[in-house]
Amino acid sequence: MTNEQFTTEFEKTRPQLKSYILRITASVQDSEDIVQDTYVKASMKIEEFRGESSLRTWIFAIASNLAKDNLRVKKRWTEDVTDICREKALSNPNYFPEIMQIQQSSDHANFEVKEHINFCLTCISKSLPLEQQICILLKEVHQFKVSEITEILDITEAMVKYYLHTARQKMVSIFEGRCALINKNGTCHQCSELNGIFNPKQRFEEEKNKIEFAKKADHPDRQYLLDLRLEIVRGIDPFNSVGSDLQLHHLEHNRKVMENFLDKK
Amino acid sequence: MTNVASNGKAITTKKTFSRETAISIDIQADKHIIWALLSNASDYPRWNSTIISIEGNIEKGEKIRLKSTLDPKRVFKLSVKEFEPGSRLVWGDAMGKRIYTLQTNSIGTTNFSMNEKIGGPMFPLFSKLIPPFDQSFEKFANDLKSEAESIQNSK
């Protein structure tokens, strides 16, 4: 493969790679840097690419290794991230003026509940052990097969299955306890609160009914509800959605709050 | 160490100065999945109905603090004495040790065995205060089998 061919192929992969790294780092800057470093590293090693896996798998393997070395990625968040960050946002006098500014200046600042669901899953997934987070993102969001994940992470199929299983179990349990969309006693109502702020004319119940897993909140198979949630996440490009600037600002805020919180701990 | 049939039934052998409980079960799962379950301390309460919590890292030389349903008010302070990934794990204290072993069977399943021997010169004085382990061992082994097979069969 020539460097030119490689560059063409890499550019096709770049958007989803950037989304993947954003979900791991929660940092726009880091995701841009890691994706660029991946391009440079992969270009230098392209002669070593034997075609035993797909080029996409190979690129994701290089990016995953670079992401795992990132210091921010190693710090794991807590399950109550949304509570901690909500409190900080409410006590920060600059938070809402900044958001208003984004809304006035950007065409990508509409608030949509499904985008908040994507944002929320990113935050919650950062409370999983790193290997579990990476496995669930690769399998359930970027739709790699288990056999491809073994190549990306250089671990056995048994371990991939273990990480996936435990990640799913933990996600189900966290959302079960927290998410008011699926549990009347859930402690987190952030999507409805924010929808009330950004879309005051909308009736949240109507918006909620557009969310498949919320509509089926009483379904006994809670793994199925997680699958429906992940389906929403798969459909969202966090850099190019209708509310990307708003959600990215929100994510940057949460990352900074969590970094301070973890440093003090 | 007592040899027992791989049927998920615990056997206890009592002697004057010691008591030994053993169990063995065949699990239709890769031994690395079982090892991951056995060596991940914080994950135990999720799948194991006999463990309330384990704090610390299950690694050679590390200390762990274990709370079991056998005696929920007590915290067992144990040290990890042996740690051979995929095959053998031993933890314990001055009074006894628990040994976990994994072996791949010829048909690709994994044999899991667990053995705990407690004892010493003072054992006859307090032996009656220690509850029997059999039921807890059977729950442990069956929980492990169920969780490991569920992971093995996941897509």
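A residue is called buried here if 20 or more other C-beta atoms lie within 10 Å of its own, exposed if 12 or fewer do, and partly exposed in between, with the C-beta atoms placed from the backbone. By that yardstick, 40% of the 265 residues of chain A come out as buried. The model is a predicted one, so local features need pLDDT of at least 70 and side-chain atom pairs count only at pLDDT 80 or more, while totals for chains, interfaces and linings use all residues. Residues are numbered from 1 along each chain as its sequence is written, and chains are lettered from A and ligands numbered from 1 in the order in which they are written.

Chain A goes in for helices: 15 of them, and 0 strands. Helices (H or I, at least four residues) and strands (E, at least two) are DSSP runs, numbered from the N terminus. The radius of gyration of chain A, taken over C-alpha atoms, is 19 Å, which agrees with the value near 18 Å for a compact globule of 265 residues; the globule rule is 2.2 Å times the number of residues to the power 0.38. Along its principal axes, the C-alpha trace of chain A spans about 55 × 45 × 40 Å. Two residues count as being in contact if their C-beta atoms, placed from the backbone, lie within 7 Å. Among contacts in chain A between residues at least 6 apart in sequence, 73% link residues at least 24 apart.

Chain A splits into domain 1 (1-74) and domain 2 (75-264), with bounds that come from an automatic or database domain assignment. The C-alpha centres of the two domains of chain A sit 23 Å apart. Their contact draws 20 residues from domain 1 of chain A and 22 residues from domain 2 of chain A. On the domain 1 side, the elements giving two or more residues are α1 (3-25), α3 (55-68) and α4 (71-74) of chain A, and α1(A) gives the most, with 8 residues. That side of domain 1 of chain A divides into 9 nonpolar, 6 polar and 5 charged residues. In this scheme Ala, Val, Leu, Ile, Met, Phe, Trp, Tyr, Cys and Pro count as nonpolar, Asp, Glu, Lys and Arg as charged, and the others, Gly among them, as polar.

Two loop residues of chain A have backbone angles worth a look. Most residues other than glycine have a negative phi. Q143(A), however, has a positive phi of about 55 degrees although it is not a glycine; this residue is placed in the loop between α8 (130-141) and α9 (146-153) of chain A. D154(A), also not a glycine, has a positive phi of about 55 degrees and is found in the loop between α9 and α10 (157-178) of chain A. Q143(A) has 10 C-beta neighbours inside 10 Å, so it counts as exposed, and D154(A), with 9 such neighbours, counts as exposed too.

Chain B brings in a sheet. Its 8 strands form an open, antiparallel sheet in the order β1-β2-β8-β7-β6-β5-β4-β3, where two strands pair if DSSP finds at least two bridges between them. β1 (11-15) and β3 (51-55) of chain B stand at the edges with a single partner strand each, so one side of each is left without a neighbour in the sheet. Neighbouring strands of this sheet are turned by 20 degrees against each other on average, direction ignored.

Further into the sheet, β2 (residues 18-27) and β8 (residues 110-119) of chain B run antiparallel and are joined by 10 bridges, with D26(B) opposite N111(B) in β8(B). β5 (residues 76-84) of chain B pairs with β6(B) in the antiparallel sense over 5 bridges, and E84(B) stands opposite R88(B) in β6(B). These two strands form a hairpin with 3 residues between them, and G86(B) in the turn has a positive phi of about 80 degrees. β6(B) is also paired with β7(B), antiparallel over 6 bridges, which puts L89(B) opposite Y100(B) in β7(B); 2 residues make up the link in the hairpin that joins these strands.

Helices of chain B lie across this sheet. Helix α1 (residues 31-39) of chain B crosses β2, β6 (88-93), β7 (96-104) and β8 of chain B, running at about 160 degrees to β7(B). Helix α4 (residues 134-152) of chain B lies across β1, β2 and β8 of chain B, at about 20 degrees to β2(B). Axes here are lines fitted to C-alpha atoms, for helices over the stretch in contact, and angles run from 0 to 180 degrees between N-to-C directions.

The contact between the chains takes 9 residues from chain B and 9 residues from chain A. On the chain B side, α1 and α4 of chain B each supply at least two residues, and the largest share, 3 residues, comes from α1(B). The residues on that side of chain B divide into 3 nonpolar, 3 polar and 3 charged.
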